[in-house]
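I opened the model today with the sequence beside it, and I am writing down what I looked up in the order in which I looked it up.

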Amino acid sequence: MTAVEPVELDGGTVRLRPWAPRDAQRTREACADPLIAEFIPLMPSPYTDEVSQWWINEGAPAAWQNGGASWAVVDPATDDVLGGAGMGQVVAERAQAEVGYWIAPWARRRGVATAATVAITRWAFAERGIARMELVTAPRNAASQRVALAAGFTREGVRRGAATLRDGSRGDHVVFARLATDPPGPVAPGLPDFPGGELSDGLVRLRRLAPGDAEAYFALSELPEVRRNNIGGPTTLEGVRERCALAESDWLAGIRAACVILDAATGEFAGDIGLYYQEPFLRQGIIGYGLRPEFRGRGLATAAARLISDWALEQAGLVRVAAGTFPYNEASRRVLERAGFEREGHLKARLPGPDGTRIDDIQYVRIAERYR
Ligand SMILES: CC(C)(COP(=O)(O)OP(=O)(O)OC[C@H]1O[C@@H](n2cnc3c(N)ncnc32)[C@H](O)[C@@H]1OP(=O)(O)O)[C@@H](O)C(=O)NCCC(=O)NCCS
């Protein structure tokens, strides 16, 4: 690996410069953050004064000697440390490398990571002969996945078991990459956020499923009539926890928008609804939902189905939102009809039934107003 002379980068709102002894204290303060320890398994924890001095004197210089790079990301006006960023995993014969970063808790949510990632990637393409820059995140690290998209990286998929976690176990990597030939600017998420984080019509509120919803969501999924209609969803508490923890990542990936339905009057967890974006190329998704028994019969499912399909058709760019119902599920068909869906077809043996049987699917659809 060819050693590289340390350089400074002008990232506009941030400056990237080689580490200096005066950065030791701020680096230690920043890296004591539990989020950094969680999402950067190789970061020493606890992060002591000795560790930060070792990093500045030996760790970071070694990155340059190995053909990579490591910078302090600082405020251009005050020189205060805002974070750390670097380039590693350089595979010269593939003209490929990987960018990584951490941002101090006091400097988050103002574009620091994005600005640093853009500057490093531009430099690597222009000065280091890199053609493909990778960026890998933990599946649960949605904040970092948002940085990747904002910096113009495309999500490519999940590399299973690619990460060694702090306890020695294996974890997955969600892989993003930016090519030197990619167009400038950010990459849009697969599904847009709800404006202001929620959809509401006075009767119900819909928000993204979150880790704290796991117990309520699991209890709902255990009801026999909900379980009977559950196709492909998690069936164990562990599976439900995983679904909740990955809800934001799956949303950004455009895989699904998994939501909870809250009773707008009391804020209680009334049920769940999700848009499963199965055919992005055709701009078609399907919805599925379930309500706790004590919230049924008041129009909450209808309101939720209308809200999520309005959002899908008017804001998320879908053209068709479909919904399948088991032949015996008259209640669900009433919900769909009242929410503006129309009956479209009868698909034979489309749904898995009990004991290896197959069941017909009565299909409903709502299409975007502009195509009616
Ligand atoms: C992930 C991390 C680097 C983000 O740094 P940051 O400087 O706050 O990120 P930015 O301000 O550049 O944010 C980029 C985008 O992500 C969004 N974002 C960042 N953090 C977010 C959060 N916690 N929740 C929701 N959105 C978030 C921003 O709003 C912005 O979105 P926009 O482009 O639509 O405006 C920082 O939280 C961190 O250091 N985490 C711990 C270490 C880590 O995860 N490192 C990366 C390992 S892969």
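**Entry 1, a pair of strands inside one sheet.** I am working with a predicted model, and I began at Gln96, which I found standing opposite Arg132 in strand 6. One residue further on, I noted that Ala97 stands opposite Met133 of strand 6. These pairs belong to strand 5 and strand 6 (residues 132-137), which run parallel and are joined by three bridges. I then checked the cover over strand 6 and found that five of its six residues are buried, so I have written this strand down as mostly covered, taking buried to mean that 20 or more other C-beta atoms lie within 10 Å of a residue's own.

**Entry 2, the sheet around that pair.** I traced the neighbours outwards and arrived at an open sheet of eight strands with mixed pairing, in the order 1-2-3-4-5-6-8-7. At its edges I found strand 1 (9-10) and strand 7 (154-164), each of which pairs on one side only. Helix 4 lies across strand 1, strand 2, strand 3, strand 4, strand 5, strand 6 and strand 8 (170-179), and I noted that it runs at about 155 degrees to strand 5.

**Entry 3, strand 3.** How many of the six residues of strand 3 are buried? I counted six of six for this strand, which covers residues 69-74, and so I call it mostly covered, by the count of C-beta atoms used above. In a regular strand the side chains alternate between the two faces of the sheet. I therefore sorted the residues by side, with that alternation in mind. Ala69, Trp71 and Val73 are buried on one side, and Ser70, Ala72 and Val74 are buried on the other, which leaves both faces of strand 3 covered.

I followed the pairing of strand 3 in both directions. Strand 2 (residues 15-17) runs antiparallel to strand 3 and is joined to it by three bridges, with Leu16 standing opposite Val73. Strand 4 (residues 81-91) is also antiparallel to strand 3, here with six bridges, and Gly86 in strand 4 is the bridge partner of Ser70. The hairpin formed by strand 3 and strand 4 has six residues between the strands, and within this hairpin I marked Asp79, which takes a positive phi near 70 degrees.

**Entry 4, the ligand.** Which residues come nearest to the ligand? Of the 21 residues around the ligand, I listed Arg108, Ala113, Thr114, Ala143 and Arg146 as the nearest. I next asked which elements supply this shell, and found that helix 2 (34-39), strand 5 (96-103), helix 4 (112-127) and helix 5 each give at least two residues. The largest share comes from helix 5, with five residues. Sorted by class, the shell holds 12 nonpolar, five polar and four charged residues.

**Entry 5, the two domains.** I turned to the division of the protein chain, which gives domain 1 (9-179) and domain 2 (195-371). Their centres, taken over C-alpha atoms, are 37 Å apart. Where the domains touch, I found eight residues of domain 1 in contact with six residues of domain 2. Helix 5 (residues 142-150) gives the most to the domain 1 side of this contact, with four residues, and I note again that helix 5 supplies the largest share of the shell around the ligand. The side of domain 1 that touches domain 2 has four nonpolar, one polar and three charged residues.

**Entry 6, another sheet.** I also traced an open sheet of eight strands in the order 9-10-11-12-13-14-16-15, again with mixed pairing. Strand 9 (198-200) and strand 15 (342-352) are its edge strands, each pairing on one side only. Neighbouring strands in this sheet are turned by 30 degrees against each other on average, direction ignored. At one edge, strand 9 runs antiparallel to strand 10 (residues 204-208), to which three bridges join it, and Ser200 stands opposite Arg205 in strand 10.

**Entry 7, the chain as a whole.** I closed with the overall figures, and recorded 11 helices and 16 strands for the protein chain. The C-alpha trace spans about 70 × 40 × 40 Å along its principal axes. Of the 372 residues in the protein chain, 38% are buried. Finally, among the contacts with a separation of 6 or more, I noted that 60% are between residues 24 or more positions apart.

Conventions:
Residues are numbered from 1 along each chain as its sequence is written. This is a predicted model: local features need pLDDT of at least 70, side-chain atom pairs count only at pLDDT 80 or more; totals for chains, interfaces and linings use all residues. Two strands pair if DSSP finds at least two bridges between them. Axes are lines fitted to C-alpha atoms, for helices over the stretch in contact, and angles run from 0 to 180 degrees between N-to-C directions. Domain bounds come from an automatic or database domain assignment. Two residues are in contact if their C-beta atoms, placed from the backbone, lie within 7 Å. Ala, Val, Leu, Ile, Met, Phe, Trp, Tyr, Cys and Pro count as nonpolar, Asp, Glu, Lys and Arg as charged, and the others, Gly among them, as polar. A residue is near a molecule or strand if its C-beta atom, placed from the backbone, lies within 6 Å of it. A residue is buried if 20 or more other C-beta atoms lie within 10 Å of its own, exposed if 12 or fewer, and partly exposed in between; C-beta atoms are placed from the backbone.
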